[in-house]
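Q: Hello! Please take me on a close look at the enclosed space in this predicted model, and then carry on to the open pockets and the strands that go with them.

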Amino acid sequence: IRTGQRVVGLVIKGEQVVEARIRTQDGEELTLGTDFCFSTMPVRELIAALEPVPEPVREVAAGLVYRDFLTVGLLFKKMRRNPGAGRAASGEQGRPPDNWIYIQESDLRLGRLQIFNNWSPWLVRDQETVWVGLEYFCNEGDDLWEMADAELKRLGVAELHTLGFIEPADLLDGVVIRQPKAYPAYFGSYQQFAEIRAFTDRLKNLFLIGRNGMHRYNNMDHSMLAAMAAVGLVKEGRSDKAPIWAVNSEGDYHEA
């Protein structure tokens, strides 16, 4: 397992990916032969790394769009109890019983919040405190993405206070995590994605898996199933990628 290294090029010969060019953290470039290639990198970057690629396929890949995401994690002594909800509905430390809460207020930038305590108590070191994750949907390079961490924490505290969830004085700590390409989008050139799939499917030892790897709104379970399907194909000596693409093909799961 090589860590701290990036795949910057993949060489195609016939119907196989035969070489991977890798760049280390020191800037050194290495070339490795490939038996099998399992790709979870964003499809846009994968097609840019592959060579040779037909120009129409490159154009479709270059037009794929992503939605970026950042989380402001805030640790509080407690949350404000909802006086109309009762103790059971408010939970311990005044926290609501929900895992996720979607925020509808148009005057706030917050899109969704989650209470990490409610996912699992093992996510919080001190059970007497409350970890709240504030989720902001953004685009890499926009004002939210470029906002300083300290300012994002202040924004998060202010918006939670506006919603009536917390008192600012109860804040203990905070952290900001930015996640580029969190959501592959179904607009841009996505309607022509079949051209990309037709090209990558014919490469017998290349297997696209994962959310960004398939440019599909996969959950973690879907991503693991796609990986298991890919490994199953390798074990069986098959190059038909249909079992991978059959994972999460139900239209009722995908969000508009």
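A: Gladly! Helix 7 (193–201), strand 11 (206–208) and helix 10 (242–245) each give at least two residues to the lining of the largest cavity. Please keep in mind throughout that this is a predicted model. Strand 11 provides the largest share of that lining, with 3 residues. The full set of lining residues is Thr 200, Asp 201, Leu 206, Phe 207, Leu 208, Lys 241, Ile 244 and Trp 245. By residue class, the lining of this cavity holds 5 nonpolar, 1 polar and 2 charged residues. Its volume is about 30 Å³, and the structure holds 1 cavity of 30 Å³ or more.

From the enclosed space we can move on to the open ones. The largest pocket contains about 610 Å³ of space. Several elements give two or more residues to its lining: strand 6 (64–76), strand 7 (100–102), strand 10, helix 8 (211–214) and helix 9 (220–236). Of these, strand 10 contributes the most, at 6 residues. The lining has 20 residues, and those nearest the centre of the pocket are Ala 182, Tyr 183, Arg 211, Asn 218 and Asn 219. In chemical terms, the lining splits into 10 nonpolar, 6 polar and 4 charged residues. Two domains take part in this pocket: domain 1 (6–65 + 184–246) and domain 2 (67–182) each supply at least three residues of the lining.

Strand 10 also leads us to a residue worth a short stop. Asp 170 sits in the loop that runs between helix 6 (149–162) and strand 10 (171–188). Asp 170 counts as buried because its relative accessibility is 9%, and the cut-off for buried is under 20%. Setting aside residues up to four places away in sequence, Asp 170 touches Leu 75, Phe 76, Lys 77 and Lys 78.

The second largest pocket holds about 470 Å³ of space. Its lining is made of 18 residues, with Val 7, Phe 38, Ser 39, Thr 40 and Met 41 nearest its centre. Here strand 1 (6–13), strand 2, strand 4 (37–39) and helix 1 (43–49) each give at least two residues to the lining. The top contributor is strand 1, with 4 residues. The classes in this lining are 13 nonpolar, 3 polar and 2 charged.

Two of those contributors, strand 1 and strand 2, belong to a sheet that deserves its own look. It is an open sheet of 4 strands in the order 3-2-1-5, with mixed pairing. Strand 3 and strand 5 (50–51) are the edge strands, each pairing on one side only. Inside the sheet, strand 1 and strand 2 pair in the antiparallel sense over 7 bridges. One such match sets Arg 6 against Arg 23 in strand 2. These two strands form a hairpin with 2 residues between the strands, where Gly 14 takes a positive phi near 65°.

On the next step along, strand 2 and strand 3 (residues 29–33) are also antiparallel, over 5 bridges. In this pairing, Ala 20 stands opposite Leu 32 in strand 3. Strand 2 and strand 3 form a hairpin too, with 5 residues between them, and Gly 27 in the turn has a positive phi of about 90°.

To finish, let us zoom in on a single residue of this sheet. Arg 21 belongs to strand 2 (residues 16–23). Arg 21 has a relative accessible area of 25%, so this residue is partly exposed: that class lies between the buried limit of 20% and the exposed limit of 50%. Beyond its neighbours within four places in sequence, Arg 21 is in contact with Arg 6, Val 7, Val 8, Gly 9, Val 11, Glu 29, Leu 30, Thr 31 and Glu 51. Among those partners, Val 8 is 13 residues from Arg 21 in sequence, while the C-alpha atoms of the pair are 5.6 Å apart in space. As a general point to keep in mind when viewing such strands, side chains in a regular strand alternate between the two faces of the sheet.

Key: Residues are numbered from 1 along each chain as its sequence is written. This is a predicted model: local features need pLDDT of at least 70, side-chain atom pairs count only at pLDDT 80 or more; totals for chains, interfaces and linings use all residues. Side-chain values use heavy atoms; hydrogens and water are left out. Buried means under 20% relative accessible area, exposed over 50%, partly exposed in between (1.4 Å probe, protein chains only). Contact means heavy atoms within 4.5 Å. On a 1 Å grid over the protein atoms alone, a cavity is a set of points where a 1.4 Å probe fits but cannot get out, and a pocket is an open set with protein on both sides within 12 Å along at least five of seven lines; lining residues have an atom within 4 Å of a point. Grid points are joined across faces, edges and corners, and a volume is the space filled by probe spheres set on the points. Ala, Val, Leu, Ile, Met, Phe, Trp, Tyr, Cys and Pro count as nonpolar, Asp, Glu, Lys and Arg as charged, and the others, Gly among them, as polar. Domain bounds come from an automatic or database domain assignment. Two strands pair if DSSP finds at least two bridges between them.
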